[in-house]
Amino acid sequence: CSVCEKVVVENYTDALGHNLAENYQYDASYHWTECTVCHEIKDKAEHTLDESGECSVCKALLKATEGVVYDVSVDGTYAEVVGYEGTATRVRIADTYNDLPVKTVYDKAFNNNDIITSVIIPDSVTSIGEYAFGYCSSLTSVVIGDSVTALGSSAFESCSSLTSVVIGDSVTSIGEGAFYGCSRLTSVEIPDSVTSIGDSAFLNCISLTSVVIPDSVTSIGGSAFSGCSSLTSVVIGNSVTSIGDYAFNGCSSLTSVACPTIAISYIPKTNLQTVVITSGDSIPSSAFSGCSSLTSVEIPDSVTSIGSSAFRYCSSLTSVEIPDRVTSIGDSAFYGCSSLTSVVISDSVTSIGGSAFYNCSSLTSVYYKGTASEWTAISINSTRNSYLTNATRHYYSETEPTEEGNYWHYVDGVPTKW
């Protein structure tokens, strides 16, 4: 009651009838539907389980699937999955066998099985062997338990129908060729526990559109993402210290990348539009040379030098900010950046190489983070740098200066003239 607040009726049925939830709710023994209005439970009943361990009514997968073959380890302390002789398409692996924990899916346990469509690997399992699910052509989804620490080589190789995979939070290594040829895999979440991605781990995953490699990863194997032709964006964590040859070869749709400088030489540059460099002390020579589609680049404060021809012929680049620790800009660094209209140069810069801004025909504004006298102290090679030296210079000031000159400051992070 809106006046006295007394509750007259606690549960009710809408005049038009119950509004039953679309999906079943369930526990280990029962399933039911519930009204979203009055929360009355309807049609509560016991599960009817088939050989897959799935309820034929609510479709919940509740018990271990019949037909999974187990064996006891040599030392008798745990059980392992060694094969599958069942006919069910959805498979749930048991937590225990003969009162022993199931810890391993053995090499080739489900290899070449064209029946199973989904698999749930319980938290008891700690390792998945080589080719454990290799060439399971009908497998569409996999849930890997949180206790698995390693995915063996080619564990899911050529699972051509696999679209979804959940990798548990304890996996530390993704083995060589683990998802090689999973041509329908559109996304994968690599957990923070992973430290290494093996050679060819995601080779020819042609439907994969984006990937985030967490900071926990220190090594990316050769051809790890080679042939991922639909990959448009990639984020590579700052802890990566080694990248194998051809790691991203053939990623022809890649337009956005965030990566440390160590990864630059492995990134395809053909269609690259946005770059965020996350760490490193120098941008290598010719790092992004010829990236004609590149419109945006962020350089971190850790960088102290920009190599020769680093951004040569980046003809779509319109602006760039040189961070506060950079001391040198190499020869031809921004040669032919014909759309570059403005550049922010730190007062830490002491030298600018020959032709560094040659053919930057749109360059009209230089924002310098120092005074006019500090600008004149910079060693600017006079060879073909007239676009830089003839541009209008704006000197930085924390407060509006009283002396003459074109001074600027930041307003909401944007260089702004006083």
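# A guided tour of the chain, strand by strand

Begin by selecting Y26 together with strand β2, because the bridge partner of Y26 there is H31. The model on the screen is a predicted one, and every stop on this tour should be read with that in mind.

**The three-stranded sheet**

Extend the selection from that pair to residues 25-26, which make up β1, and to residues 30-34, which make up β2. These two strands pair in the antiparallel sense, and two bridges hold the register between them. Now add β3, residues 41-46, and the sheet is complete: three strands in the order β1-β2-β3, open, with antiparallel pairing. Which strands stand at the edges of this sheet? They are β1 and β3, and each has a single partner strand, so one side of each is left without a neighbour in the sheet. As a general reminder while you display the backbone, strands of a sheet pair through backbone hydrogen bonds, in either a parallel or an antiparallel arrangement.

**Zooming out to the whole chain**

Show the full chain as a cartoon next, where two helices and 33 strands are assigned. The radius of gyration is 30 Å, well over the 22 Å that the globule rule gives for 418 residues, so the chain is more spread out than a compact globule. If you orient the view along the principal axes, the C-alpha trace spans about 85 × 75 × 35 Å. Colouring by relative accessible area would mark 44% of the 418 residues as buried, while a surface representation corresponds to about 19300 Å² of exposed area, of which carbon and sulfur atoms supply 45%. For the contact map, consider pairs at least 6 apart in sequence: 29% of those contacts join residues at least 24 apart. Finally, colour by charge, and you will find 17 positive and 45 negative side chains, with the centres of the two sets lying 6 Å apart.

**Y106 and S118**

Select Y106, which sits in the loop between β8 (100-105) and β9. With a relative accessible area of 42%, this tyrosine is partly exposed. Setting aside neighbours within four places in sequence, Y106 is in contact with E80, V81, V82, G129 and A132, and these are worth showing as sticks. A distance label from Y106 to E54 is also useful: the two residues are 52 apart along the chain, and their C-alpha atoms are separated by 24 Å.

Move on to β9 itself, residues 118-121, where S118 is found. Is S118 buried or exposed? Its relative accessibility is 12%, and since anything under 20% is classed that way, S118 counts as buried. Apart from residues up to four places away in sequence, S118 touches T89, R90, V91, L139 and S141.

**Two residues with positive phi**

Select Y131, in the loop between β10 (127-128) and β11 (141-144), and inspect its backbone torsions: phi is near 55°, a positive value in a residue other than glycine. Y131 counts as partly exposed, at 27% relative accessibility. A second case is N359, whose phi is near 65°, again positive in a residue other than glycine. N359 lies in the loop between β28 (351-352) and β29 (365-368), and at 35% relative accessibility this residue counts as partly exposed.

**The parallel strands around β18**

Now select residues 233-236, strand β18, and look at its two faces: V234 and I236 form the covered one, whereas S233 and V235 form the uncovered one. Add β16, residues 210-213, which runs parallel to β18 and is joined to it by four bridges; along this pairing, V212 stands opposite V235. Then add β20, residues 256-259, which is also parallel to β18 and is joined to it by three bridges. Which residue of β20 does S233 stand opposite? The partner is S256.

**Last stop: S332**

End at S332, in the loop between β26 (328-329) and β27 (342-345). Although placed in a loop, S332 counts as buried at 11% relative accessibility. To see what surrounds this serine, leave out residues up to four places away in sequence and display S309, R312, G354, S355 and A356, which S332 touches.

How values were computed:
Residues numbered from 1 in each chain as written. Predicted model: local features only at pLDDT ≥ 70, side-chain atom pairs only at ≥ 80, totals over all residues. Heavy atoms only, no water. Rg over C-alpha atoms; globule rule 2.2 N^0.38 Å. Buried < 20%, exposed > 50% of the residue type's maximum accessible area, 1.4 Å probe, protein only. Contact = heavy atoms within 4.5 Å. Areas by Shrake-Rupley, 256 points an atom, 1.4 Å probe, with all protein chains shown as cover. Lys, Arg positive; Asp, Glu negative; His and termini not counted. Charge placed at Lys NZ, Arg CZ, Asp CG, Glu CD. Pairing = 2+ DSSP bridges.
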